[in-house]
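This briefing goes through one protein chain, from its overall dimensions to its pocket, its cavity and a few individual residues. Please keep the sequence and the 3D view at hand while reading.

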Amino acid sequence: MPELPEVEVVRRGLHEHVAGRTVAGVEVLHDRAIRRHLPGAADFTSRLADRTMVAARRRGKYLWVDLSDGDALLAHLGMSGQLLVQPADAPDEKHLRVRVRFADGGPELRFVDQRTFGGLALAEVVEVDGAVLPLPVAHIARDPMDPAFDPDAAVAAMRRRRTDVKRALLDQTLVSGVGNIYADEALWRSRLHGLRPTAKLTRAKAAEVLAHASQVMHEALGEGGTSFDALYVNVNGQSGYFDRSLDVYGQENRPCGRCGTAIVREPFMNRSSFSCPRCQPRPRGVA
DNA sequence: CTTATGACCTGCAAGC
DNA sequence: TGCTTGCAGGTCATAA
């Protein structure tokens, strides 16, 4: 599941349910789910066996579990991935891709993913700028919930970019964790159209949109994350409720909560952007 | 180096 | 009732 709050919900569940448990066996039911693990399924399975899961961690939308003897089990949920803790006798999910059984015979960890954009891998951990991260996560910027997140540095990096503010918000090498929903929400709160060029934002405005992104993600986390359907659930299969608190995302034709103007949907990168045409006017000279 | 554009998948809802 | 089209929370390799 997609954005930072949903991934954090999963991280907490993982930490609670798998930390301290030792892997007994792994079953890869769909090779694409471990495509980022270059040595392949046999290697993935054999190297995970007998390892103990130590702690669940996260940066942005990436999630991993530190393993005894070093290395980490890295996960990205892509668009439709789920990590579920299920009783061993529960029937297999339709899109079950990887199963991890534990030596204690308790509930197993399952990676379920309809669209297979997500996946698992074993990765070595490296130190980057004072943080210990799996190698494939080394290029991902700190997210706003990271205690070492530096707002001034993020503002500077954003204003250095020659692109539009929404693209910048979605760029995981500038600030991580923000996806299509929370980008639109942060822009609405900041009264900015997503096509505004970052280079022309004042320092204060850039800081404001980042602060709003952080704020809206915190609020969503407090509601257990955002979900419109059964695809976005925690490890126990439960959905969050933040979709009821969204101001613009998915609200096409509904009145803006500030001015009453109908929210519009515009195509953006093979997806959609939602905004209030009055509170968030398009920059001039942009199609 | 930076920035923009598809490609990668499956399933659902809407429209004809 | 089918069929087709569009759309979905993301990231990455590639090209300019």
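**Overall form**

A compact globule of 287 residues would have a radius of gyration near 19 Å, and chain A, at 20 Å, agrees with that. The model is a predicted one. Chain A is built from six helices and twelve strands.

- Taken along the principal axes, the box filled by the C-alpha atoms of chain A is roughly 60 × 40 × 30 Å.
- Buried residues make up 53% of the 287 in chain A.
- The accessible surface of chain A is about 13,100 Å², and carbon and sulfur atoms account for 48% of that surface.
- Of the contacts in chain A between residues at least 6 apart in sequence, 62% link residues at least 24 apart.

**The largest pocket**

- The volume of the largest pocket is about 1,000 Å³.
- The lining of this pocket consists of 44 residues, and those closest to the pocket centre are Pro2, Lys61, His76, Gly78 and Met79.
- Four elements each give at least two residues to the pocket lining: β4 (72-76), β8 (119-123), α5 (180-189) and β12 (271-275).
- β8 provides the largest share of the lining, with five residues.
- By class, the pocket lining holds 23 nonpolar, eleven polar and ten charged residues.

**The largest cavity**

- One cavity of 30 Å³ or more is found when the whole structure is searched.
- The volume of the largest cavity is about 60 Å³.
- The residues that line the largest cavity are Leu14, Leu63, Val65, Leu73, Ala75, Leu83, Val100, Leu109 and Leu120.
- β3 (62-67) and β4 are the elements that supply two or more residues to the cavity lining.
- The cavity lining has nine nonpolar residues, with no polar and no charged ones.
- β4 therefore appears in two places, if one is tracing elements: each residue set has its own bullet above, with β4 in the pocket lining and in the cavity lining.

**Helix α5**

- Ten of the ten residues of α5 are buried, so the helix is largely enclosed by the rest of the structure.
- The buried residues of α5 include the charged side chains Asp184, Glu185 and Arg189, along with Ile181, Tyr182, Leu187 and Trp188.
- These buried residues pack against α1 (4-18), α4 (165-170), α6, β11 and β12.
- α5 is also one of the elements that give at least two residues to the lining of the largest pocket.
- Arginine 191, just after α5, has a positive phi of about 55°.

**Phenylalanine 228**

- Phenylalanine 228 sits in the loop that runs between α6 (203-222) and β11 (264-268).
- With a relative accessible area of 48%, phenylalanine 228 is partly exposed, because the cut-off for exposed is over 50%.
- Leaving aside residues up to four places away in sequence, phenylalanine 228 touches Ile181, Asp243, Leu246 and Tyr249.
- One of these contacts, Ile181, is a buried residue of α5.
- From phenylalanine 228 to phenylalanine 242 the separation is 14 residues in sequence and 9.2 Å in space, C-alpha to C-alpha.

**Two aspartates with positive phi**

- Aspartate 50 is not a glycine, yet its phi is positive, at about 70°.
- Aspartate 50 is located in the loop between α2 (41-48) and β2 (53-59).
- The relative accessibility of aspartate 50 is 61%, so this residue counts as exposed.
- Aspartate 129, also a residue other than glycine, has a positive phi near 50°.
- Aspartate 129 is located in the loop between β9 (125-128) and β10 (131-134).
- Aspartate 129 is exposed, because its relative accessible area is 68% and the cut-off is over 50%.

**Alanine 42**

- Alanine 42 is part of helix α2.
- Its relative accessible area is 64%, so alanine 42 is exposed.
- Alanine 42 and valine 26 lie 16 residues apart in sequence, with 9.6 Å between their C-alpha atoms.

Key: Residues numbered from 1 in each chain as written. Chains lettered and ligands numbered in written order. Predicted model: local features only at pLDDT ≥ 70, side-chain atom pairs only at ≥ 80, totals over all residues. Heavy atoms only, no water. 1 Å grid on protein atoms, 1.4 Å probe; cavity = no way out; pocket = protein on both sides within 12 Å on 5 of 7 lines; lining within 4 Å. Points joined across faces, edges and corners; volume = space filled by probe spheres on them. Rg over C-alpha atoms; globule rule 2.2 N^0.38 Å. Buried < 20%, exposed > 50% of the residue type's maximum accessible area, 1.4 Å probe, protein only. Contact = heavy atoms within 4.5 Å. Areas by Shrake-Rupley, 256 points an atom, 1.4 Å probe, with all protein chains shown as cover.
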